[in-house]
Amino acid sequence: MSRSTPLREVHEGLGATLTDFAGWQMPLRYGSESAEHNAVRTAAGLFDLSHMGEIHVTGPQAGEALDYALVGHLSVLEPGRARYTMIVTEDGGVLDDLIVYRLAPEDFMVVANASNYARVAQELTERAKPYDAQVEDRSDAYALVAIQGPNSTAILGKLTDADLDGLKYYAGLPGTVAGFEVMIARTGYTGEDGFELFARPEDAAGLWNALTEAGAELGLRPCGLSARDTLRLEAGMPLYGNELTAEMTPFDAGLGRVVKFDKPGDFVGKAALSGRPAPERRLVGLVARGRRVPRHGYPVTREGEVVGVVTSGAPSQTLGKPIAMAYVSADALDKGGLTVDIRGSQEPVDVVDLPFYRRSK
Amino acid sequence: MSSIPEELSYTKEHEWIAGVEDGLTVTVGVTAFAAEQLGDVVFVQVPEVGSTVEAGDAVGEVESTKSVSDIYAPIGGEIVETNQAVVDDPSLVNSDPYGEGWLFRVRIEGEPEELLSAAEYATLTSGES
């Protein structure tokens with residue numbers, strides 16, 4: 001039985017097509033997903049992300065516990081700031097990618113993916129045992145609404161006195177939006193400027209409606225998971241389950257920079273990640289020359305031989321061509337001439353640097 | 001509830017067929033239900049004019065942001081015309097699936113696949129949506 005977010009009725013009222021995602025009934029799209037995608041690139045989009053998990057790690061040694069449990073150096077994070085990081089197994093395989101907010105000196109909030117947060121909470125609990133720190137899965141205590149796109153600041157600014165201009169990327173502060181107490185974070189998964197608002201579940205509908213009203217004259221549209229996926233793909237951001245899995249290390253995904261070997265003490269996965277051989281495959285961007293779309297799971301080929309696999313692919317609204325992320329052998333990348341096996345026919349693709357899209361500041 | 005015109009015939013693969021009764025040439029497209037399930041259609045591949053197809057053959061594809069579906073020939077015969085407008089502007093499948101979004105025409109040479117009436121197709125889709 002799928003779970004519903006506090007905004008289920010709001011989505012139904014908007015005529016959303018709902019889909020099961022990680023055990024949650026989530027809006028796939030409200031109308032045209034292309035229009036939703038374009039709204040985020042040119043105006044603003046509103047997303048329900050209440051399926052995400054929020055795990056609090058608190059106490060005098062909360063920072064040290066996270067330094068041991070995660071690959072990042074969280075104890076040096078300033079209160080009010082956030083960091084992108086990962087949790088890995090002893091073998092170095094990625095269990096989830098995370099954003100960690102330091103809300104107060106002894107209060108960290110770990111935001112995990114819907115499909116993984118139960119496991120993440122369990123691992124954090126186990127790994128924090130030697131420390132003077134408490135781990136609590138408070139996912140049910142939060143609704144999460146994101147407003148993303150160039151008009152986000154103007155829309156949110158109508159509803160809050162919080163200092164949005166002073167709020168840096170990857171920072172968060174408590175504030176009041178339309179009378180509701182929330183945590184305002186300047187984060188996102190779209191490649192645009194924007195905010196994520198952590199609210200009480202009972203306030204979610206009121207917050208959503210206030211944002212909808214404030215954004216009406218500024219092009220705000222509700223956006224579903226379909227647009228969220230194409231937006232993050234254009235922005236070259238990994239999706240757990242596609243680009244990131246327990247069979248891959250952060251280095252395999254080209255995200256080795258999140259692993260902080262120079263932090264003090266041991267951390268889970270350190271030994272395995274230190275001794276790792278150079279990855280044989282690299283995560284790259286592909287742009288198709290034709291109009292057929294390379295999709296998740298399709299083989300990347302070269303002269304008839306399989307040299308990699310597509311992890312995510314979609315038609316790109318912004319580029320006007322099909323794009324994909326794929327793991328491809330370093331050897332084949334050096335030689336070039338790659339194709340993707342699209343249901344039996346070898347379609348030529350060009351390798352490009354990620355991201356596919358970068359907003360102009 | 002998406003529209004299901006009374007005068008058309010349908011397949012289980014969510015295609016509509018017009019002109020079955022005159023027995024000469026039929027026009028084929030995808031239903032409004034299919035278009036809604038697909039989402040925004042971004043690419044349509046139609047069969048080649050002049051090619052001969054058997055009922056049930058995969059003859060083309062319709063690709064949307066999230067997925068791709070084969071198009072099947074609902075009836076055997078020769079492809080006599082394809083809709084260049086929908087190739088150039090695939091969103092016609094979403095905006096006008098029973099009109100401007102038609103896909104191809106077949107000169108009938110065989111018996112059709114088992115076709116559904118509008119009422120039967122409505123029953124089929126009510127269980128899937």
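Student: How many residue pairs are in polar contact across the interface of chain B and chain A?

Tutor: The rule finds 14 such pairs between chain B and chain A, both residues at pLDDT 80 or more. A polar contact is a pair of N or O atoms within 3.5 Å; within protein, one must be able to donate a hydrogen and the other to accept it, and residues adjacent in sequence count only if both atoms are side-chain atoms. This is a predicted model, in which local features need pLDDT of at least 70 and side-chain atom pairs count only at pLDDT 80 or more, whereas totals for chains, interfaces and linings use all residues. Residues are numbered from 1 along each chain as its sequence is written, chains are lettered from A and ligands numbered from 1 in the order in which they are written, and side-chain values use heavy atoms, with hydrogens and water left out.

Student: Which elements of chain B give two or more residues to that side?

Tutor: They are helix 1 (32-38), strand 4 (41-45) and strand 6 (58-64) of chain B. Helices (H or I, at least four residues) and strands (E, at least two) are DSSP runs, numbered from the N terminus.

Student: And how many salt bridges are there between chain B and chain A?

Tutor: Five are found across that interface. The criterion is a side-chain nitrogen of Lys or Arg within 4 Å of a carboxyl oxygen of Asp or Glu. B:E61 and A:R343 meet in a salt bridge through their side chains, at 2.7 Å, N to O.

Student: What area is buried there?

Tutor: About 1,300 Å² is buried between chain B and chain A, with carbon and sulfur atoms giving 42% of it. Buried area is the accessible area (1.4 Å probe) that two parts lose on being put together, summed over both. In chain B, the residues that lose the most area to chain A are B:D40, B:T65 and B:K66, together 41% of what that side buries.

Student: Moving on to chain A, what domains does it have?

Tutor: The assignment gives domain 1 (3-50 + 142-234), domain 2 (53-140) and domain 3 (280-352). Such bounds come from an automatic or database domain assignment. The C-alpha centres of domain 1 and domain 2 of chain A lie 24 Å apart. Their contact (heavy atoms within 4.5 Å) takes 16 residues from domain 1 of chain A and 18 residues from domain 2 of chain A.

Student: What area do domain 1 and domain 2 of chain A bury?

Tutor: The area between domain 1 and domain 2 of chain A is about 1,400 Å², of which carbon and sulfur atoms give 54%. On the side of domain 1 of chain A, A:Y142, A:Y170 and A:F198 lose the most area to domain 2 of chain A, together 48% of what that side buries.

Student: Where is A:Y170 found?

Tutor: A:Y170 is in the loop between helix 5 (152-157) and strand 11 (172-177) of chain A. Its phi is positive, about 60°, although A:Y170 is not a glycine. Most residues other than glycine have a negative phi, and most peptide bonds are trans.

Student: Which peptide bond is cis, then?

Tutor: The bond from A:L354 to A:P355 is cis, with omega near 0°. A:P355 is found in the segment after strand 20 (345-352) of chain A.

Student: Which residues form a salt bridge between domain 1 and domain 2 of chain A?

Tutor: The count between these two domains is one salt bridge. A:R3 and A:D140 meet in a salt bridge through their side chains (2.9 Å, N to O).
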